[in-house]
Amino acid sequence: MKYRVIGLSLLCMLLFIGNPSGVSPTWASTSFTVDSILDEIDSTPGDGACLSIPSGVCTLRAALMEANALTEADTINLPAGVYLLTISGTDENAAATGDLDINSSVILAGADASDTIINGNQIDRVLQISGAVSVTLSAVTITGGRPPTNISGVNNGGGISNGGYLSINDSIVSYNETNSAGGGIDNNQAVTLTNSSVLSNTSAYGASGILNNATLAVNSSLIAYNHTTNDQGGGLWNNSQATVVGSVISDNLAQGSGSAGKNLGVLWFIDSQVSGDVYCLPGSTTYLIRSAVSCSGIGCIFLNLSVFLPLSMR
Ligand SMILES: [Ca+2]
Ligand SMILES: [Ca+2]
Ligand SMILES: [Ca+2]
């Protein structure tokens, strides 16, 4: 659907007429359906039409530019296909070049993670989410991201750099890389990962799977085959609050210790399987409930809460 939901204005008008108190009606969200795998910008962001130049189709980039320009939470339907980013340009945050920037709440709904693939083509990371916005990714693969290598401090997050409230459902983040930290995901606000996988991402300076600087929840998910060539935190690097529930962390690699993870904050493992070790720094705490995790580093405070549970619950 290239245009805003037909009848939206009429609906709002009727709501307003039926609401003589004058209280503003709730605006419905807008839905776009991408109909091209091309990478082209929107011709006029904010006009309600997802229409690219020069081809006049609804591309993923155009849909995001349009969604960014509209204040309500929008939905972008992304059918099966490989969406390869081809417009080069880094350190740009309006989704016009390089990475796909998200500055407004949006639901990005793919068909299936194995069929709907967003590939950064190694021209930049894939997604950058900024501001206090809510973003849901479902049934997509995020791959091929690689942010610029020559700019200090802004190249964390090979696949996704998150500053908002991000839910990743039924999705895969794989084969992204960065010369800094956070090969797959760099989280600076809140990420909830559900039924998803973070696979085979690489980084030069730790946290090859996920770098967490704020709040992270990993539910029923897999973090595996990520590799950092320097530092620790092959699977996960936690600087703040992270909870891993019903998940598997395995086959990750780090330089020396910390192949499974590195913890500088508060990290919970609940009903999870972790192979490799977690490297812990002083001041960190790692809680275990029905999970076995090996420890390395000089700051290990591992609290196995399972022993406090009734026998029937251990
Ligand atoms: Ca437009
Ligand atoms: Ca950007
Ligand atoms: Ca960009």
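The paragraphs below describe the fold, the core and some local backbone features of a predicted model.

The protein chain contains two helices and 30 strands. Of its 314 residues, 51% count as buried. Among contacts with a separation of 6 or more, 65% are made by residues 24 or more positions apart in the chain. Confidence in the model averages a pLDDT of 89, with 89% of the residues reaching 70 or more. The highest value among the elements belongs to strand β9 (residues 141–143), at 99, while helix α1 (residues 8–17) has the lowest, at a mean of 37. The pLDDT stays below 50 over residues 1–26, a stretch that has 21 contacts in the model beyond near neighbours in sequence. It is worth keeping that low confidence in mind when viewing the N-terminal residues 1–26.

Turning to the sheets, an open sheet of 11 strands follows the order β1-β2-β5-β8-β11-β15-β19-β23-β26-β28-β30, and its pairing is parallel. The edges are formed by β1 (31–33) and β30 (302–304); each has a single partner strand, so one side of each is left without a neighbour in the sheet. On average, neighbouring strands in this sheet are turned by 10 degrees against each other, direction ignored. At the β1 edge, three bridges connect β1 with the parallel strand β2 (residues 74–78). Within this pairing, S31 has T75 of β2 as its bridge partner.

Further along the order lies strand β15 (residues 190–194), which includes A190. This alanine is partly exposed, because 19 other C-beta atoms lie within 10 Å, and 20 or more would be needed for it to count as buried. Setting aside neighbours within four places in sequence, A190 contacts Y165, L166, A214 and T215. The C-alpha atoms of A190 and S167 are 8.3 Å apart, although 23 residues separate the two along the chain.

A second open sheet has three strands in the order β13-β17-β21, again with parallel pairing. Here β13 and β21 are the edge strands, each with a single partner strand, so one side of each is left without a neighbour in the sheet. Strand β13 (residues 177–178) pairs with β17 (residues 202–205) over two bridges, and T178 has S203 of β17 as its bridge partner. The pairing of β17 with β21 (residues 227–230) runs over three bridges, and T202 is matched there with H227 of β21.

Helix α2 (residues 60–69) brings the description back to the β1 edge of the 11-stranded sheet. The helix lies across β1, β2 and β5 (106–110), running at about 175 degrees to β2. Nine of the 10 residues of α2 are buried, and among them are L60, A63, L64 and M65. Packing partners of the buried α2 residues are β1, β2, β3 (81–84), β4 (100–102), β5 and β6 (116–119).

How does this helix relate to the nonpolar core, and which element gives the most to it? The largest nonpolar core has 66 residues, and L60, A63, L64, I76, V140 and I210 touch the most other members. Helix α2 gives the most to this core, with six residues. At least three core residues come from each of domain 1 (1–20 + 30–72) and domain 2 (79–313). For L60, the residues touched beyond four places in sequence are V34, L78, Y83, L100 and I118. As a general tendency, nonpolar side chains in soluble globular proteins are buried together.

Finally, three points in the backbone invite a closer look. In the loop between β1 and α2, where P54 is placed, a cis peptide bond joins I53 and P54, with omega at about 10 degrees. The other two points concern positive phi values outside glycine. Y175 has a phi near 55 degrees and lies in the loop between β12 (172–174) and β13. With 23 C-beta neighbours inside 10 Å, Y175 counts as buried. For R290, phi is about 50 degrees, likewise positive in a residue that is not a glycine. The loop between β28 (285–289) and β29 (292–296) holds R290, and this arginine is partly exposed, with 15 other C-beta atoms within 10 Å.

Methods
Residues numbered from 1 in each chain as written. Chains lettered and ligands numbered in written order. Predicted model: local features only at pLDDT ≥ 70, side-chain atom pairs only at ≥ 80, totals over all residues. Helix = DSSP H or I, 4+ residues; strand = E, 2+ residues; numbered from the N terminus. Buried ≥ 20, exposed ≤ 12 C-beta atoms within 10 Å, placed from the backbone. Contact = placed C-beta atoms within 7 Å. Pairing = 2+ DSSP bridges. Axes fitted to C-alpha atoms, helices over the stretch in contact; angles between N-to-C directions. Core = buried A, V, L, I, M, F, W, Y, C linked by C-beta atoms within 7 Å. Domains from an automatic or database assignment. pLDDT = per-residue confidence, 0-100.
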